[in-house]
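Trainee: I would like a close look at one part, the ligand site. Please then connect it to the loops and strands of the chain.

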Amino acid sequence: MVKINSRLYELQRKELFSNIEKRVKKFKLKNPDKKLVSLGIGDVSKPIIKPVTTAMHKAVDDLSSMKTFRGYGAYYGDDFLKTKILENDYKGFGFTKDELYVSCGTKTDSTSILELFDIDAKICIPNPMYPIYKDGGTALNRTFCEMDLFEEKNFVPDVPKEKYDLIYLCSPNNPIGTAYTYNELGKLVDYAIENECVILYDNVYASFITSNDVPHSIYEIPGAEKAAIEFRSYSKNASFTGVRCSYYIIPEGIHKDANSLWQERTINRFNGADYIAQRGAEAVYLEESQRLIKENIKYYLDNTLYLRNAFLDLGFKVWGGLDSPFIWVKTKGDMNSWDFFETMLEELNIVVIPGTIFGSNGDKYLRISGLGLKEDSEEAVGRLKNYEKNF
Ligand code: PLP
């Protein structure tokens with residue numbers, strides 16, 4: 001029999017989002033009359049705004065005319081979109097189009113970037129953390145070191161004592177729901193510069209930042225242009241979860257050959273982002289789009305704040321929710337996160353995400369999301385407040 005990638009077996013464990021889906025499906029089959037509400041949703045609930053869908057309609061029309069038809073696009077992003085990204089998201093940073101890559105989702109980008117680095121690169125991932133970096137990297141046959149995050153330190157990573165080649169960071173964070181301040185991120189960037197390490201910085205929730213002391217890009221930290229690759233996506237700000245368009249910066253300062261080699265690699269591995277999606281992404285930068293996006297983000301953040309206050313009122317310990325659409329809630333008593341998940345599902349018919357999905361250090365926590373509908377949050381909170389057994 002042919003030999004397959006044996007590392008893939010490492011992905012067959014209980015702590016997976018797909019197992020939550022399976023468990024919820026089983027519950028629904030057994031209890032067809034019960035109304036489930038989800039506080040676990042990682043997807044957005046608001047539709048794509050009109051100026052963006054109008055631009056996408058126009059792009060579809062372009063494709064149906066001989067004069068405007070487009071086939072394969074630019075391998076690492078069309079100029080019209082790159083111009084907008086550099087003028088808006090990276091204004092004043094001095095990056096060029098050769099350092100910017102348009103792609104089809106940060107989930108893919110944040111792990112496929114490992115192909116830029118040596119197979120033996122020492123990679124550090126905080127625990128708990130968005131699990132895709134580790135699972136995606138495992139499929140690429142990489143191994144990882146874990147950096148424990150502690151409640152007492154508000155889950156902010158310490159400056160590592162060891163030397164790593166790559167460190168994954170995510171801010172604003174999924175699952176904790178907090179974001180690093182200039183000061184906190186500054187220390188990690190200084191470490192990276194001193195240790196010739198590269199920070200792989202997932203910034204897909206940048207639009208949710210409300211605190212003044214939180215940078216909107218890692219490149220606001222002096223020297224980060226020599227020590228960080230930043231990933232962003234239109235998934236959460238512009239509801240592109242079903243459309244797929246993302247981008248990332250590989251600064252020249254990382255390594256003199258990084259971009260020339262990565263461009264060759266990309267030509268061979270990717271045929272460019274979708275034209276319709278890129279035209280939609282271009283329209284995200286219109287003034288009217290920005291106004292509507294701010295309204296949507298406010299809706300999600302208000303919802304997150306409502307959930308944060310409700311869990312605090314119920315006597316839970318809570319983190320996050322001010323700069324990210326997630327809160328991180330500590331379970332009560334001896335319950336671990338799967339026990340809590342089961343109780344919420346079976347007794348209150350509420351879906352939450354067990355923290356252990358994000359790493360072993362998440363075993364006493366739950367991730368709650370504000371990306372769902374306000375009425376679902378209200379329904380869930382009502383059930384929690386009326387729960388006679390109390391937590
Ligand atoms: N990064 C983080 C931290 C996320 O939470 C998510 C989605 O939930 C992604 C990346 C995926 O982004 P995309 O839809 O661009 O693949």
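Mentor: I start at the ligand and then move out along the chain.

First, the ground rules. This is a predicted model, where local features need pLDDT of at least 70 and side-chain atom pairs count only at pLDDT 80 or more, while totals for chains, interfaces and linings use all residues. Residues are numbered from 1 along each chain as its sequence is written, and side-chain values use heavy atoms, with hydrogens and water left out.

The ligand is surrounded by 13 residues. A residue is near a molecule if one of its heavy atoms lies within 4 Å of it. The closest are D202, Y205, S233, S235 and R244. By class, this shell holds four nonpolar, five polar and four charged residues. Here Ala, Val, Leu, Ile, Met, Phe, Trp, Tyr, Cys and Pro count as nonpolar, Asp, Glu, Lys and Arg as charged, and the others, Gly among them, as polar.

Now the atom pairs. D202 places a polar side-chain atom 2.6 Å from a nitrogen atom of the ligand. For Y205, an N or O atom in the side chain is 2.7 Å from an oxygen atom of the ligand. K236 has a polar side-chain atom 2.7 Å from an oxygen atom of the ligand. On its own the ligand has 400 Å² of accessible area, and the protein covers 91% of that. Accessible areas come from the Shrake-Rupley method with a 1.4 Å probe; for residues, only the protein chains shown count as cover.

Where does the ligand sit? It sits in the largest pocket. A pocket, on a 1 Å grid over the protein atoms alone, is an open set of points where a 1.4 Å probe fits, with protein on both sides within 12 Å along at least five of seven lines. A molecule sits in a pocket if more than half of its atoms lie within 2 Å of its grid points.

Next, the chain. Helices (H or I, at least four residues) and strands (E, at least two) are DSSP runs, numbered from the N terminus. Burial has three classes: buried is under 20% relative accessible area, exposed is over 50%, and partly exposed is in between (1.4 Å probe, protein chains only).

Take the loop between β6 (198–202) and β7 (228–233). A206 lies in this loop. A206 counts as buried because its relative accessibility is 8%. T178 is 28 residues away from A206 in sequence, and their C-alpha atoms are 12 Å apart in space.

Move on to the loop between β7 and β8. S239 lies there. S239 is not a glycine, yet has a positive phi of about 60 degrees. Its relative accessible area is 7%, so S239 is buried. V243 lies in the loop between β7 and β8 as well. V243 is partly exposed because its relative accessible area is 23%. V243 and L149 are 94 residues apart along the chain, with their C-alpha atoms separated by 34 Å.

Strand β8 (residues 246–249) contains S246. Is S246 buried or exposed? S246 counts as buried, because its relative accessibility is 0%. Its side chain makes a polar contact with the side chain of D109, at 2.6 Å. A polar contact is a pair of N or O atoms within 3.5 Å; within protein, one must be able to donate a hydrogen and the other to accept it, and residues adjacent in sequence count only if both atoms are side-chain atoms.

Check the backbone elsewhere too. From N127 to P128 the peptide bond is cis, with omega near 5 degrees. P128 belongs to the loop between β3 (123–127) and α5. The bond from N174 to P175 is also cis, with omega near 25 degrees. P175 is placed in the loop between β5 (166–170) and α6 (182–194). In the loop between β4 and β5 you find N154. N154 has a positive phi of about 55 degrees although it is not a glycine. N154 is partly exposed, since its relative accessible area is 43%.

Two arginines finish the tour. R142 sits in the loop between α5 (132–139) and β4 (144–148). With a relative accessible area of 7%, R142 is buried. R142 and L292 are 150 residues apart along the chain, and 41 Å separates their C-alpha atoms. R7 lies in the segment before α1 (17–30). At 13% relative accessibility, R7 counts as buried. R7 and L140 are 133 residues apart in sequence and 8.3 Å apart in space, C-alpha to C-alpha.

Note on methods: 1 Å grid on protein atoms, 1.4 Å probe; cavity = no way out; pocket = protein on both sides within 12 Å on 5 of 7 lines; lining within 4 Å.
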